[in-house]
Structures are given as structure tokens and as C-alpha cells.
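User: Please take a close look at one part of this structure, a charged residue and the company it keeps, and then set it beside a few other places in the chain. I am a first-year student, so plain wording would help.

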Amino acid sequence: MAEVKKVSVSVGGIDLVFETGKIAKQANGAVYAHYAGSAVIATVCCGEAPSEPIDYVPVSVEYNEKYYAAGKIPGGFLKRESRPKDKEILVSRLIDRPMRPLFDKAFGREIQIVPTVVSSDMCHTPDIVAINAASCAVTISDIPFYGPIAAVRVAKIGNKFVINPTFQQMPEASLDIVVAGTHDGITMVEGGAKEVSEDDMLNAIAAAQPVITEICEAQEELRKICGKEKLPLMEIEDKDLSWLEPVREYAYPLIKEASFVKGKQNRYAALEKAHQDIKEKFADLIAEDEKRPGEISKLFEDMEYEILRSSILNDGIRTDGRKVTEIRPITCEVGLLPCTHGSALFTRGETQSLAVTTLGTVQDEQLFDTIDGEKTYSNFMLHYNFPPYSVGECGRLTTGRREIGHGHLAQRALEAVVPKKDKFPYTIRVVSEIMESNGSSSMASVCGGCLSLMDAGVPISKPVAGIAMGLITEGADYSRYVILSDILGEEDHLGDMDFKVAGTKDGITAFQMDIKIAGVTPEIMSKALQQAKEGRMHILSIMANTISEPRSDISEYAPKILTLTVPEDKIGAVIGTGGKTIKAIAAQSNAEINIEDNGTVMIYGRNNASAQEAKRLVLAIIEEPEVGHIYHGTVKRIVDFGAFIEILPGKEGLCHISKLAKTRVKNVSDVLSVGQQVDVKLTEIDRMGRLNLSYIDAQPESAEKK
């Protein structure tokens, strides 16, 4: 039997154990990691041979959770795990983002990392175990990797920062973030909060760093014990690139001029024209070697990288002409779509979100069936769509990992201010359709989503806005750096950090940071957070000029939900024999009615009129007749001496023939007919509980009606 090698490290008072040598031995690297009762098997494999040189790392992460891990059988018709759930996709992204920059492009082989949750105690979160297990599997494998990385979850509970809180502790937390990093510093942060301060966020990240360092050291220890010799990188021949010198000299001013053309599409067109002009001028030189077209394309990319960064660092000027702290022009519009429950168009520069809010009933809630606990329901969801036309391209309309990740971030930003179900008993769905994109469409979704919620009359506690920040550094110690507010797509691609912050005027509600360099200092983080706060306040002030608070009522097109309470001894009367009465009310009002054992009645009307009619009918059943009131009743029976009129459901009274008119009436049918609806006044309830009604006393228009 193979010898098992293991190391452990204490995290939050519990041992995180990495084992290898027993399971999945044919993989390039495999680790069985367990933390209390949560366990993950993480494997990594690579292709047999390098492919052609490419400018990206072909790595994929497939995090998956097995229902048997928590002693469950999957729900639905197919009793096996199938397509990845949103949660699995989100965790895959958490693993991918800090690890991807640490693979060498020169390795050139496909890499697949598969962390599988095989045990869950429904107490300790398995996603954190999976991130660390994935890194450890790659670290001990023969795949070149400039890691390891490690991750912890940090929660603020009361005034304490708790490392790796349990599922049971997390509802009490005012801050919940996942922090990943290397020996040298933090590389990724993601999470949500309940309007925490910038200082709290910095302190939470600082609390994570020493624990991350210890977990990295444990992985290094296992690598020293049993790590494989690393596979070679592709040999990069020592190319003679001297032919590029005259090209560079000629091209630099052309590309620099094109790089500062205003407008994304105009700028791309200008750059493309410059590229074509340069290629045409040096066509003979390029044609001398089949590799030269690729080399000149690399030159163009390097020059654009250099020009953009140099302009920002030395002149404080960006490609669209803005200063480093300047935010693009913003316009907001609400009520754009005539028949939706709430809509908003948020435009920031060349990024635009059309956000639409739809209100539904409890039947529209989102069901979550995961290994974390019992089935749960959510009454708030945000979906993000990124169609290809938003960047002027053709393509398929799909929902991929990017859409799910951006939507989750925007949802986290807004759910801190969305009312609880007991205060606003609607299911709320926000959809952000990205109409244009040039940087930070997820934060535009936060702003647009917030505006559409207010337009729909959802009583959010405070408006929320989001902003994306960037970073440009110079030097090994990053002694020179510039923080950018409201970054463009090019600044995200060519910069050193993508840093998204969303929140209210009082604090942060969502946070996502990806750092492409090691060792970003606390000073840089602190300054970035402060600059982001200033930008957020600016955006909130512009949003407030369009709509500053939720509308006082929901849209006429939205379902109307009403709640009332009936005495417990009246529940049977509302339901009726075999549900006959409540079904009749639903049919008459065109509304759905649910009644709980405690007498709480929930009415779901297609519109306000149907809900109010259902409420009137329910109240009529539980209402006791009151002498002196005028009721709108229905004639049920006619007899020689008068008419029996139903004034409330199940409650009839007699209108004597003498009370039909001031003059003598020979036949009751001369005045009333069966089924006729008339106003009558309740004049007396006799000792036997019988109701005596008057038709003539209800006729004056000044009489009070009920």
C-alpha cells in the first residue's frame, strides 16, 4: 500500500490537514484535505505535450459538490449530480482567480483542476478547504507553479474578526469575505458586508494575511516531503528582434496618437488603422520570416501597454483624456419601460445597464438545494446578461461563468438594503441587461439595479452605488503608483489591479479585488478604498437627482400582496366546508388566498383591484353586522311579507314589505327581484339575533355606505 504523506496547520483553532499518496495517484497531483468534518479531494492534470505558443494560460477549474457528502440524494427526476450549480461556478472562480496568474504561459499545456467535496459536516464551509486543496495539489505536482496560494474566510461578528466562521455563525456577521494570497501578500478578496467601514475592511484583510502565510508554509512542507520534479517549460529560442527597431521607431508616434482618440470604437479603429499602415510600410521586412507577423503583433501590444502606463504615471492622463480620479459622465433615467414593474437606464461613459425589476409572489421564490443544509428559498435575485452586441460583436447569447459571477457580485451589493420578506412579502427579481460595455459593467448593474428597485416601489433602506478602481505601478517595490477611479476596459486589461467596491453613503456592501502583482501594501489598499468612497459618493449624488427614495407605491402592473389577520375562531368560516368559501372568494376576486393556522391571511392579487376585492370578501366573512350601517346586499329570496337580503357572506336579514317604499307596496316583486344588488340599512338585531333591514332608509345619497 502506498505511503501516505501528510501535513497539518491550525486555522481558527481547527487543524487543516493535507494528505497525498492514497487517492487519485494517476493524476499529476492529488491531495485529500479535511477540516473538521468537511473534506475535499483536489486533483490536477495537464496535457501530454505543449501546444503552439499562446498568450494565455489554458487552465480550467471544475469545483463540484457531491450530495452524498452531506448524506443527501439529489432532488428532481434525475437522481445524480448534473450541470454545475451557480454556487459551484462561483467557487470555481474563487479558485481560478488567485491561481491563474501563477502559471507560466511558457508551459503551454492544458491544465485542469478538479476539487470535489466528498464530505460536509454542514458546519465548516467546504469552499475554503477546496481553494487550499487545489493549490496544494498543484504545488506538489510536476506542473510548474509560482505558488502556493492559500485562502481563509474572515467574518466580523460583534467586534471580533473570526477566521473561517461556521455556517451557524455567518448569519450574525456584519462582514463576510474570502481572502486569498501568497507568502508575499494578498492577491484576491471577495465578499459582502452590511455597510461596514473602510477601516473594518482593511482590518479584516490584515487579519487574514498571517494565517494565509502559515497555510502556504504547510503546502511548501508537503512539497519538500513528496513533491514531484517540475516539467520543463517550452524552450523559447533566443530570437534576433533587431529587425523590429526601425519598426518601433516609426510605429511609436502613430500608436501613441491612436491610443488617445476619444471613444472606444473610434480608438480601436484608429489603432487598427495604425497597425495596418505600419504593416504595409514594412510588408517586405515582415514577409522574410513566417514568425514575424506574430512578433509585430506582440510589439504593438507591448507599445500600447507602455504608452498607457507611462501616460498615467508621468502625466496623470488616461486614454480617454480623464484625470486619474475623474469619473466618466453619468446619466440616469427611470420608468423607461411602460409595462414593467420598475426600470432604469444607467449610463457611465460607454458602459450602460438597462435594469428591470419584477415583483412576484411567494410561488416565484428561488429554491436552493445544496449540501450546506436544508432546502432554502430566496425572495431576492439579480441576473446579469452580457450580450455580444454590448461590445459591437456577433456571438451566441449564453449564460457563462462571467455572467454568473458578475450577477452574484451585484446581488450581494444590493441585498444588504433589500427589505426582509416579513416587511415586504414579494419575490424580487432584478435583471441587468448590459447595452454597452467599456469597463465595470457589474458596478453599472449595481447602480441601475438600485434605481430600478426604487422605481418599482421596493422600500430599500438606502441607495447603493458601485465603482471599479484600478492600479498602475512602477518599480520592484511599487514606490511609484497611481490609483485610477472608474476604470476602462483597457485599464483593467493593462493595469495591476481590478478593485470593485459597492455600498451606501454609510458603508460597504460588496467588495471584490483581484491583484496581478505581489505585495500590494496596506497604504495602497487604504488609499484605493478612500478614493473609491469619494467616487461612490459622487455617483450616489447623481442617482439622487433622478430618484432619491423608493416610490410610495408599487406599479399598477405588479401583483398586489395584502396581509390581514382573522380571529382563530373565524378561520373555519373563511375556509368553509371543504374549502368551498375560500375557493369562491378566489374565483370571484381572481386572487390567490392562503391562510395560516394562526389566522394570518396572505392575498396575492394580479393587480390592486383583485387584491382589494379579495380582502373585502374576507373581511365581510369575519365582520359582525352593525346597527345603523348601510350594506350593499344581494336579494336571495322573496316572500309575501318581504325579501331576505344577504348583507355579508352567510348573513341574511329581512327587509319587510313595509320598508320597501314610503307608499304602500302591493307585491314585493314590484320593487325587488332575486339576485338584485341593493343598498339596505341595518335597523335592528332582535333578541333572536335576526337582522331587520330597511330599503327606504338606505336611499338618501348622503347616507354612509359600507
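Analyst: The residue to start from is Arg97, which is found in helix H1. The model it belongs to is a predicted one. Arg97 has a relative accessible area of 16%, so it counts as buried, since the cut-off for buried is under 20%.

What does Arg97 touch? Once neighbours within four places in sequence are set aside, Arg97 is in contact with Met188, Val189 and Glu190, and also with Gln512, Met513 and Asp514.

One of these contacts, Glu190, is also a salt-bridge partner: Arg97 and Glu190 form a salt bridge in which the closest N and O atoms are 2.6 Å apart. Arg97 sits in helix H1 (residues 86–99) and Glu190 in strand E11 (residues 186–196), so this pair ties together parts that are 93 residues apart in sequence. Is Glu190 buried or exposed? Its relative accessible area is 9%, so Glu190 is buried, and Arg97 is buried as well, at 16%.

The bridge between Arg97 and Glu190 belongs to a longer list, as a search of the whole structure finds 38 salt bridges. Two further examples can be put beside it.

Lys273 forms a salt bridge with Asp277, and here the closest N and O atoms are 3.2 Å apart. Both residues lie in helix H5 (residues 264–281), four residues apart, which is about one turn of the helix. The bridge between Lys273 and Asp277 is thus held inside one helix, whereas the one between Arg97 and Glu190 runs from a helix to a strand. As for cover, Lys273 has 53% relative accessibility and so counts as exposed, while Asp277, at 29%, is partly exposed.

The other example is Asp320 with Arg322, a salt bridge whose closest N and O atoms are 2.7 Å apart. Asp320 and Arg322 are both buried. Salt bridges that share partners join Asp320 and Arg322 with Arg328, Arg348 and Asp486 into one network.

Some charged residues form a surface patch instead. Glu568, Asp569, Glu596 and Asp597 make up a negative surface patch. Residues in such a patch have no salt bridge. Where in the chain is Glu596? Glu596 is in the loop that links strand E24 (591–595) to strand E25 (600–605). With 44% relative accessibility, Glu596 counts as partly exposed.

Another acidic residue in a loop is Asp121, placed between strand E7 (111–119) and helix H2 (126–140). Asp121 has 28% relative accessibility and therefore counts as partly exposed. Leaving out residues up to four places away in sequence, Asp121 touches Ala36, Gly37 and Ser38. Between the C-alpha atoms of Asp121 and Leu691 there are 65 Å, and the two residues are 570 residues apart along the chain.

The loop between E7 and H2 also holds Met122. Met122 is not a glycine, yet it has a positive phi of about 55°. Like Asp121, which is partly exposed at 28%, Met122 is partly exposed at 28% relative accessibility. Ala24 is another residue that is not a glycine but has a positive phi of about 55°. Ala24 lies in the loop between strand E2 (14–20) and strand E3 (29–35), and with a relative accessible area of 33% it is partly exposed.

The backbone has a further detail after helix H2. A cis peptide bond joins Gly147 and Pro148, with omega at about 5°. Pro148 is in the loop between H2 and strand E8 (150–157).

The last place to look is His341, in the loop between strand E12 (330–334) and strand E13 (342–348). Its relative accessibility is 13%, so His341 counts as buried. Which residues does His341 touch, not counting those up to four places away in sequence? They are Thr357, Thr358, Leu359, Asp455, Ala456, Ser555, Tyr557, Ala558 and Pro559. Of these contacts, Ser555 is 214 residues from His341 in sequence, with 5.2 Å between the two C-alpha atoms.

To return to the start, Arg97 in helix H1 is a buried residue that forms a salt bridge with Glu190, and its contacts also include Gln512, Met513 and Asp514.

Terms used
Residues numbered from 1 in each chain as written. Predicted model: local features only at pLDDT ≥ 70, side-chain atom pairs only at ≥ 80, totals over all residues. Heavy atoms only, no water. Patch = residues over 30% accessible without salt bridge, like charges linked within 9 Å, V, L, I, M, F, W, Y side chains within 5 Å. Areas by Shrake-Rupley, 256 points an atom, 1.4 Å probe, with all protein chains shown as cover. Salt bridge = Lys/Arg side-chain N within 4 Å of Asp/Glu carboxyl O. Lys, Arg positive; Asp, Glu negative; His and termini not counted. Charge placed at Lys NZ, Arg CZ, Asp CG, Glu CD. Helix = DSSP H or I, 4+ residues; strand = E, 2+ residues; numbered from the N terminus. Buried < 20%, exposed > 50% of the residue type's maximum accessible area, 1.4 Å probe, protein only. Contact = heavy atoms within 4.5 Å.
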